[in-house]
Amino acid sequence: MQIYGFHPVREALRHRPHEVQSVWLARARKDPRSRQILDLCRRHRVEVLAASREMLEGLGEVVHNGCIAELSGVSRAVTSFADPQLQVLIEDVQDPRNLGALLRVCEGAGVGGVRIRDRGSAPLSNVALKTSAGAAELLEVQRITNSAQEIRELQDQGYWVYGADAEGELIWEVDLCGPILLCIGGEEKGLRQRTRQLCDRLVSLPMRGQVSSLNVATAAAALLYEAVRQRMSQNASQPLQEEGA
């Protein structure tokens, strides 16, 4: 598989260099970002090849910025900052740019794992990877076939499942501490009806202006960072145990 652009290639070299077989750089590039890629390739003994103008033009409309990597796999390396009890399920997000932006939000919020319902969702394509600005390389991402099954399994493990829905309760009136799964629906219809029914509660954001909804990644960012705020506040308020206790 190939990935394109400086951000995705750099994060792959940083977090899973053993899967990077080679990197192609445009011959004309001599800027700091190119030098950073070259340094990472030397450090991890990854072959660097000069990409000709003809080769890059042959990629068509792919936005590559003159930097391409050939990878041997698609596994993800999860950062040590991820919160394993903060999980996200995504279904029916059809625009790969929205999917990439969602993954970027999830990584920024420290989400411990992302499940993407395979049918009806955009693939984890190069467009999605590039839009994620390298975040997809840092997340544990699973493609799943059945949202209902995933929800039931997590509920059995003690997770509370919240669904993003315009008719839900205001997000800051809901306790988002502890093990939770946040379900995010697609651009057109939101969550599937069965997913809504299985959620323990539905949550929403107030729309005080004249537009009726937000972009899916923007809404997810607001919801997830309210969860982050609550969880950080809870951790800060917990008294430290005395030594030897």
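Which residues is Glu91 in contact with, leaving aside its neighbours within four places in sequence? In this predicted model, the contacts of Glu91 outside that stretch are Arg117, Ser121, Ser147, Ile184, Gly185, Gly186, Leu191, Arg192 and Thr195. Glu91 itself is found in the loop between β5 (83-90) and α4 (96-108). The side chain of Glu91 forms a polar contact of 2.8 Å with the side chain of Ser147. Although Glu91 is buried, it has no salt bridge. Arg117 provides the nearest side chain of opposite charge, at 4.4 Å from Glu91; a salt bridge is counted within 4 Å, between a side-chain nitrogen of Lys or Arg and a carboxyl oxygen of Asp or Glu, so the pair with Arg117 does not qualify.

The largest pocket was computed to have a volume of about 550 Å³. Its lining comprises 25 residues, of which Ala164, Ala166, Ser213, Leu214 and Ala219 are the closest to the pocket centre. At least two lining residues come from each of β8 (160-170), β10 (201-204) and α8 (216-237). The most is given by α8, which supplies four residues to this lining.

Strand β8 also bounds a loop that holds Gly158, with α6 (147-156) on the other side. Gly158 has a relative accessible area of 39% and is therefore classed as partly exposed. The C-alpha atom of Gly158 is separated by 6.9 Å from that of Pro179, a residue 21 residues apart from Gly158 along the chain.

Terms used: Residues are numbered from 1 along each chain as its sequence is written. This is a predicted model: local features need pLDDT of at least 70, side-chain atom pairs count only at pLDDT 80 or more; totals for chains, interfaces and linings use all residues. Side-chain values use heavy atoms; hydrogens and water are left out. Buried means under 20% relative accessible area, exposed over 50%, partly exposed in between (1.4 Å probe, protein chains only). Lys and Arg count as positive and Asp and Glu as negative; His and the chain ends are not counted. A polar contact is a pair of N or O atoms within 3.5 Å; within protein, one must be able to donate a hydrogen and the other to accept it, and residues adjacent in sequence count only if both atoms are side-chain atoms. Contact means heavy atoms within 4.5 Å. On a 1 Å grid over the protein atoms alone, a cavity is a set of points where a 1.4 Å probe fits but cannot get out, and a pocket is an open set with protein on both sides within 12 Å along at least five of seven lines; lining residues have an atom within 4 Å of a point. Grid points are joined across faces, edges and corners, and a volume is the space filled by probe spheres set on the points.
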